[in-house]
Each structure stands twice: as structure tokens, then as C-alpha cells.
Amino acid sequence: TVGITTSIATVSGVGIIGNGCVFIDNVTIDLTHTFVGDIAIFVLAPNGQVLELSSSNGGAGDNYTNSVFKDNTSSFITSGSPPFTGVWRPEGRQQNTVPPFSNSNPLGTFTFANTFNGLNADGDWTLLINDYVAIDVGVLNSWSITFSQGGGSGVTVDLGPDITICPGQTVTL
């Protein structure tokens, strides 16, 4: 029904995002909802920083079925149709979780990288779903956030502003 649904994922042991090695690989959601055009989906960092995954997409269609949001993929969620299944770039036009949802910024203005780099990933991450039109209902079946590191365990070597060698990587200079 109309309102906001939130779900928390507690993260520990990840540390600072964007040091050249740690990054958000993806956010995956499985959501059953009729008429998905009346919902907006956001991910919030522990410090409250917001990234829009999708808002007002899909019209009268139903569901986000194992929808994977990644920075490094070609198709924005806006180019798909329900049930949204597969890998999508977040819409990323705004950082406002309250309707109306503006499309004034270009697609991809905000990404996982430019929204969350420099933040400590440890803490409570929130998936926020804003169902802003009455009648249709839904259920958040599951969601996850996946962090990746540049290759494996070990020490990160920073050789200046242009070169960072992550654990598990080899570089010839």
C-alpha cells in the first residue's frame, strides 16, 4: 500500500569504499509488486547517502525478479520492462527519496562509485521502497548488496594518484 518500506543489511569488515580496491559490485532485489510504475527504489549507505536504483519505471507491469543493479553494464533500468530480470545500471537521476521524482538530471548522473566512494561501508545499509500511489501492493522477497575487492587478500600498494595495486593484482611498470 502507499508508504515506505525499508529493509536493513548490516555490513562489517569491508571498510572504506573506493580506495582503488573496494567497490560495490551490485545490489540485487527480488520484489513482487503489481503496477511497478508507482514505486521508487533506493539504496542508502550507513551515513544516509542515497542512490536511486529505479523510480516510476514499468508502468502497469509487475515485479522486479532477481534484478541486479551494477555500474558496469550497458543497459539502464529505464530501457527494460517488467518483470525486470537481469543486470541493469541504476537510473541514478536523483538522490531524493520523496516524490515527485525528477528526471531533470541525465540517466546515470549518480552511480555506486560517485555516490559511495570514500564512505565506510561498515554499518547498516537500507533498501528503501517508496510506493507513492494507492491500490497496488507488493512484497520485498529479498535483497542483497555485494562488495568486491581487487583480487584477494594482502596489502594494497598506493604508488601515487595514478596507480594503486590491489591485493591479488600484478602490474608491470
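A pocket, as the word is used here, is an open set of grid points with protein on both sides within 12 Å along at least five of seven lines, and its lining residues are those that have an atom within 4 Å of a point. In this predicted model, the largest pocket is lined by Ile17, Gly18, Val22, Phe23, Ile24, Asp25, Lys70, Asp71, Asn72, Phe112, Ala113 and Asn117. The volume of this largest pocket comes to about 170 Å³. Its lining divides by residue class into six nonpolar, three polar and three charged residues. Strand E2, which covers residues 23–33, and helix H1, which covers residues 112–116, each supply at least two residues of that lining, and the largest share, three residues, comes from E2.

From the pocket one can step back to the chain as a whole, in which there are one helix and ten strands. Read along the sequence, these elements follow the pattern β-β-β-β-β-β-α-β-β-β-β. Of the 173 residues in the protein chain, 41% count as buried. When the contacts with a separation of 6 or more are considered, residues 24 or more positions apart account for 64% of them.

Four of the strands form an open sheet, in which the order is E1-E7-E3-E4 and the pairing is antiparallel. The edges of this sheet are strand E1, residues 3–11, and strand E4, residues 50–55, each of which pairs on one side only. From one strand to the next, the twist averages 20°. Within the sheet, strand E3, spanning residues 39–44, and strand E7, spanning residues 123–131, pair in the antiparallel sense over six bridges; in this region Ile39 stands opposite Asp131 of E7.

The edge strand E1 is also the place of Thr10, a residue that can be followed in more detail. Is Thr10 buried or exposed? Thr10 has a relative accessible area of 64%, and it therefore counts as exposed, since that term applies over 50%. If residues up to four places away in sequence are not counted, Thr10 touches Gly123 and Asp124. A further relation links Thr10 to Asp122: these two residues are 112 residues apart in sequence, yet their C-alpha atoms are 7.5 Å apart in space.

Notes:
Residues are numbered from 1 along each chain as its sequence is written. This is a predicted model: local features need pLDDT of at least 70, side-chain atom pairs count only at pLDDT 80 or more; totals for chains, interfaces and linings use all residues. Side-chain values use heavy atoms; hydrogens and water are left out. Two strands pair if DSSP finds at least two bridges between them. Axes are lines fitted to C-alpha atoms, for helices over the stretch in contact, and angles run from 0 to 180 degrees between N-to-C directions. On a 1 Å grid over the protein atoms alone, a cavity is a set of points where a 1.4 Å probe fits but cannot get out, and a pocket is an open set with protein on both sides within 12 Å along at least five of seven lines; lining residues have an atom within 4 Å of a point. Grid points are joined across faces, edges and corners, and a volume is the space filled by probe spheres set on the points. Ala, Val, Leu, Ile, Met, Phe, Trp, Tyr, Cys and Pro count as nonpolar, Asp, Glu, Lys and Arg as charged, and the others, Gly among them, as polar. Buried means under 20% relative accessible area, exposed over 50%, partly exposed in between (1.4 Å probe, protein chains only). Contact means heavy atoms within 4.5 Å.
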